[in-house]
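I opened the notebook with a short list of things to look up. Entries follow in the order I took them.

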Amino acid sequence: MFEKSPFMFDPEKMAEFFRQNDFTKALSEAKLPHVDTDALFANQKKNMDALMEANQAAAAGYQELFKRQVAIFEETIAEAQRHLKDVDLKVDGKAAGAQADLAKAAFERAIGNMKELAEAAHKANTEAYEIVTARVKDSVAELKAMAEKRS
């Protein structure tokens, strides 16, 4: 339906970059004293995996949000076209009241739609945040354990 922007972050391409360029080999050959490079790289891989998962969750959430925005726009336009066909240019008191009721209903639907979209955006952000937060906590614990092991 929509083409990908050349500026979008693609976690798969990033993962492929790291698979093709084995940085662990170069740094493990450096023989850093008192540093378990294998454990360090294993932790960093978990960090990258968590970031990729968070980005995928956010991207999926925002894709759903965008789809819903398009659907709401299409529904709104279709409904406006239906109501415009029914509009009588010679508005009397009764017709004006009916048109006011239609406008009120449309406004209430718009408010409901905005609330729905805001909740969808909040959900996408929350899911991504929770993934990253959990990984940060685990990473700190892993680094502490590595430091304690070396002491």
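Which helix holds both K45 and D49, and how many residues apart are they? Both lie in helix α3, four residues apart, about one turn of the helix. I note for the record that this is a predicted model.

**Entry: the K45 pair.** I looked up the contact between the two side chains. K45 forms a salt bridge with D49, and the closest N and O atoms are 2.9 Å apart. Then I checked the surroundings. K45 counts as exposed because its relative accessibility is 52%, where the cut-off is over 50%. D49 has a relative accessible area of 34%, so it is partly exposed.

**Entry: overall layout.** I stepped back to the whole chain. The protein chain has four helices and zero strands. Read from the N terminus, its elements run α-α-α-α. I noted the limits of two helices: α3 covers 37–86, and α4 covers residues 93–150.

I then looked up burial. Of the 151 residues in the protein chain, 17% are buried. The accessible surface comes to about 11,800 Å². Carbon and sulfur atoms account for 62% of that surface.

Next came the contacts. I took those between residues at least 6 apart in sequence. Of these, 77% join residues at least 24 apart.

**Entry: the core.** Which residues make up the largest nonpolar core? I found six: A50, A54, A57, A58, A128 and I131. The elements that give two or more residues to this core are α3 and α4. Helix α3 supplies the largest share, four residues. I also looked up what A128 touches. Leaving out residues up to four places away in sequence, A128 touches A54 and A58. As general background, nonpolar side chains in soluble globular proteins tend to be buried together.

**Entry: M48 and R135.** I looked up M48 next. M48 sits in helix α3. M48 counts as partly exposed because its relative accessibility is 23%. I then took the spacing to R135. The two residues are 87 residues apart along the chain, yet their C-alpha atoms are separated by 9.5 Å.

**Entry: other salt bridges.** How many salt bridges does a search of the whole structure find? The search finds eight. In general, side chains of opposite charge can pair when their charged atoms come close.

I went through one in α3. K67 forms a salt bridge with E64, with the closest N and O atoms 3.7 Å apart. K67 and E64 both lie in helix α3, three residues apart, about one turn of the helix. K67 is partly exposed because its relative accessible area is 39%. E64 is partly exposed too, because its relative accessibility is 47%.

Then I turned to a pair between helices. K46 forms a salt bridge with E142, and here the closest N and O atoms are 3.2 Å apart. The pair links distant parts of the chain, with K46 in helix α3 and E142 in helix α4, 96 residues apart. K46 counts as partly exposed because its relative accessibility is 41%. Is E142 buried or exposed? E142 has a relative accessible area of 18%, under the 20% cut-off, so E142 is buried.

**Entry: N113.** I moved to the polar residue N113, in helix α4. N113 is buried because its relative accessible area is 16%. Which residues is N113 in contact with, leaving aside its neighbours within four places in sequence? I found R68 and I72.

**Entry: a surface patch.** Last, I looked for nonpolar side chains on the outside. F107, I111 and M114 form a nonpolar patch on the surface. Together they have about 320 Å² of accessible area. F107 is found in helix α4. F107 counts as exposed because its relative accessibility is 55%.

**Entry: recap.** I kept two items for a second look. One is the K46 salt bridge to E142, which joins helix α3 to helix α4. The other is the six-residue nonpolar core, to which α3 gives four residues.

Definitions and conventions:
Residues numbered from 1 in each chain as written. Predicted model: local features only at pLDDT ≥ 70, side-chain atom pairs only at ≥ 80, totals over all residues. Heavy atoms only, no water. Patch = residues over 30% accessible without salt bridge, like charges linked within 9 Å, V, L, I, M, F, W, Y side chains within 5 Å. Areas by Shrake-Rupley, 256 points an atom, 1.4 Å probe, with all protein chains shown as cover. Salt bridge = Lys/Arg side-chain N within 4 Å of Asp/Glu carboxyl O. Buried < 20%, exposed > 50% of the residue type's maximum accessible area, 1.4 Å probe, protein only. Contact = heavy atoms within 4.5 Å. Core = buried A, V, L, I, M, F, W, Y, C linked by side-chain atoms within 4.5 Å.
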